[in-house]
Amino acid sequence: MNDKPEKLIDKKGLRLDGRKPEDLRPVKLEVGVIPNADGSAYVEHGKNKILAAVYGPREVHPKHLSLQDRTVLKCRYHMAPFSVQERKSPAPSRREVELSKMIKESLEPAVFLEYYPRTMVDVFVEVLQADGGTRCASITAAALALADSGIPMRDLVVACAAGKVDDTIVLDLMDTEDKLGAADVPVALMPNLNAITLLQMDGILTHEEFESAVNMAMEGCRKIYAIQKEALKTKYVSISEENKEEAEE
Amino acid sequence: MPILLEKRQLVTPGDLIAEGEYIAGENTFSEKGKIYAARVGIVEYETKKIDVVALKAFYVPRTGDIVIGTIIEVGFNGWTVDINSPYIALLRASDVLSRPFKPQKDDLPQVLDAGDLVVAKVVSYDRTHDPQLTVAEPGLGKITRGQIIKITPTKIPRVIGRKGSMISMIKQETGCNIILGLNGVVLITGKTLDDEQLATRALLKIEQESHTSGLTDRITQMLKEEKAKKEENKK
């Protein structure tokens, strides 16, 4: 684990885990995994394992935080102590506070906040296992949980990152690539409205590289969106299929 | 200008449903002449108006709705009631007592205490004020017996069925009296516990399978089978 690989991309142009530069890690999404929550989702994105739960809309506590014209969206991103190699203190770190705010801001444009004034929606994101790109996977899962809870939304939100590793632009960086690579560009997208709700860059890229990274990330978002939509529908389709089978019997 | 999706198709938020001169109905929104879905649900339309019947949503109060709520707190001159909605409802003491409320004489917890269930009607609600309830009408008031179940509020119309076909069928088959709160809380009162449990099972089945077709027939069949089984057991 401590050995630094010399090259992140081998002679054949394959990455450490055997992916091509434009490949995503395998993504698995599931909806409605927490019965007590109003909406929930679970995502496995490569080795990332993340749970998202949504509660609300409900009354605001403490009351002075309520807004007269819109819903308050609250997000909490948290990494479990066992989610990384070295035990992470369970107290919210600076990074987690920042990511909470970032997730909130990338979800807000998609939710019809003005429909239910004086209420609050809680979004909890718990990272069970982290392997690079948790912010993107968290947004994907949180948006899915919001849709599952029945809160009216303009669109789903999907996120995916692209970056630069060994002078190549690659999609969906994993932990080692993120740490040793040159740059990382996470993008969150509302696919139907074709609007970006989050765009960050960490590292140095030229204009051209940046542009191709953003385009590559958006392409990745659309691929994940198809899985996201499927996951949302599967929850209900499975019920109607059961009935069909019953009827045929 | 086309409607892009067929009737009864499952949509997720952001799905484009139609383009052109249509009216965005329930759980949809329009942007630049296009109609999109705002919730997970099933597409329904009549000539110009496009609706999405949500598969999961929460209850938003409307004036005139009959709801079933739980008293959560006894206040100085009334009660606060949980009506399974983002907003907490208020019930005034003078309304329940049907005479002016005298703080020296009347003991509110004796009339209704925390945890009591009430059938009530929403008398006023808008964006700026919490909903207010009344019980001063026949059929409303404290619930003394029966079973309470919760179902998704958007599925109440499905439980009622076309012109009440579903609910009257269940009432007839089980011999229970059923009060549907539009907030998704349902009160079932029957002669025996078995009857009530049978009605409960039917309602939960409707909730689970509300978006499938031929449901009324399946529920009728289920109730008849269950009844036949019971008859056999008696013999």
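Let me start inside chain A, with helix α2, where 16 of the 16 residues are buried, so that this helix is largely enclosed by the rest of the structure. What we are looking at is a predicted model, and I will come to its confidence values once we have seen this helix through. Helix α2 of chain A covers residues 134–149, and because 16 residues at 1.5 Å a residue should span 22 Å, the separation of 22 Å between its end C-alpha atoms agrees with expectation. Directly after α2(A) comes G150(A), and the phi of that glycine is positive, near 90°.

Now to confidence. For the model as a whole, the scores are an ipTM of 0.87 and a pTM of 0.90. Chain B has an average pLDDT of 89, with 99% of its residues scoring at least 70. Within chain B the lowest confidence falls in helix α6, residues 215–234, where the mean is 85, whereas the highest is in strand β8, residues 66–74, at 95. As a general caution, where pLDDT is low, the predicted coordinates should not be read in detail.

Staying with chain B, let me describe its overall build. The chain contains six helices and 16 strands, and its C-alpha trace extends over about 70 × 60 × 25 Å along the principal axes. Of its 235 residues, 37% count as buried. If we take the contacts in chain B between residues at least 6 apart in sequence, 54% of them join residues that are at least 24 apart. The domain assignment divides chain B into domain 1, residues 10–54, domain 2, residues 66–142, and domain 3, residues 147–234. Between the centres of domain 1 and domain 2 of chain B, taken over C-alpha atoms, the distance is 37 Å.

Which strands of chain B pair with β12, residues 129–134? One of them is β10, residues 89–92, which pairs with β12(B) in the parallel sense over two bridges, and here L91(B) stands opposite L133(B). Another is β11, residues 117–126, which runs antiparallel to β12(B) and is joined to it by four bridges. In that second pairing V122(B) stands opposite L133(B), so to speak of L133(B) is to speak of a residue with L91(B) opposite it in one pairing and V122(B) in the other. The strands β11(B) and β12(B) form a hairpin, with two residues between them.

Let me turn to the contact between the chains, to which chain B gives 24 residues and chain A gives 26. On the chain B side, the residues divide into 13 nonpolar, six polar and five charged.

One residue of chain A that I would like to follow is R58(A), which is found in strand β3, residues 48–59. Is R58(A) buried or partly exposed? It has 18 C-beta neighbours inside 10 Å, and because burial requires 20 or more, R58(A) counts as partly exposed. Leaving aside residues up to four places away in sequence, R58(A) touches T119(A) and M120(A) in its own chain, and P86(B) in chain B. By contrast, P186(A) is 128 residues from R58(A) in sequence, and their C-alpha atoms lie 31 Å apart in space.

Finally, some backbone geometry in chain A. Most residues other than glycine have a negative phi, and most peptide bonds are trans. With that in mind, consider the bond joining G56(A) and P57(A), which is cis, with omega at about 5°; P57(A) lies in strand β3. A cis peptide bond is also found from H61(A) to P62(A), with omega near -5°, and P62(A) lies in the loop between β3 and β4.

As for phi, R118(A) has a positive value, near 65°, and is not a glycine. R118(A) sits in the loop between α1 and β5, and with 21 C-beta neighbours inside 10 Å it counts as buried. D172(A), also not a glycine, has a positive phi of about 60°. That aspartate lies in the loop between β7 and α3 of chain A, and D172(A) is buried, with 28 other C-beta atoms within 10 Å.

Methods. Residues numbered from 1 in each chain as written. Chains lettered and ligands numbered in written order. Predicted model: local features only at pLDDT ≥ 70, side-chain atom pairs only at ≥ 80, totals over all residues. pLDDT = per-residue confidence, 0-100. Expected span 1.5 Å × (residues − 1). Buried ≥ 20, exposed ≤ 12 C-beta atoms within 10 Å, placed from the backbone. Domains from an automatic or database assignment. Contact = placed C-beta atoms within 7 Å. Nonpolar A, V, L, I, M, F, W, Y, C, P; charged D, E, K, R; others polar. Pairing = 2+ DSSP bridges.
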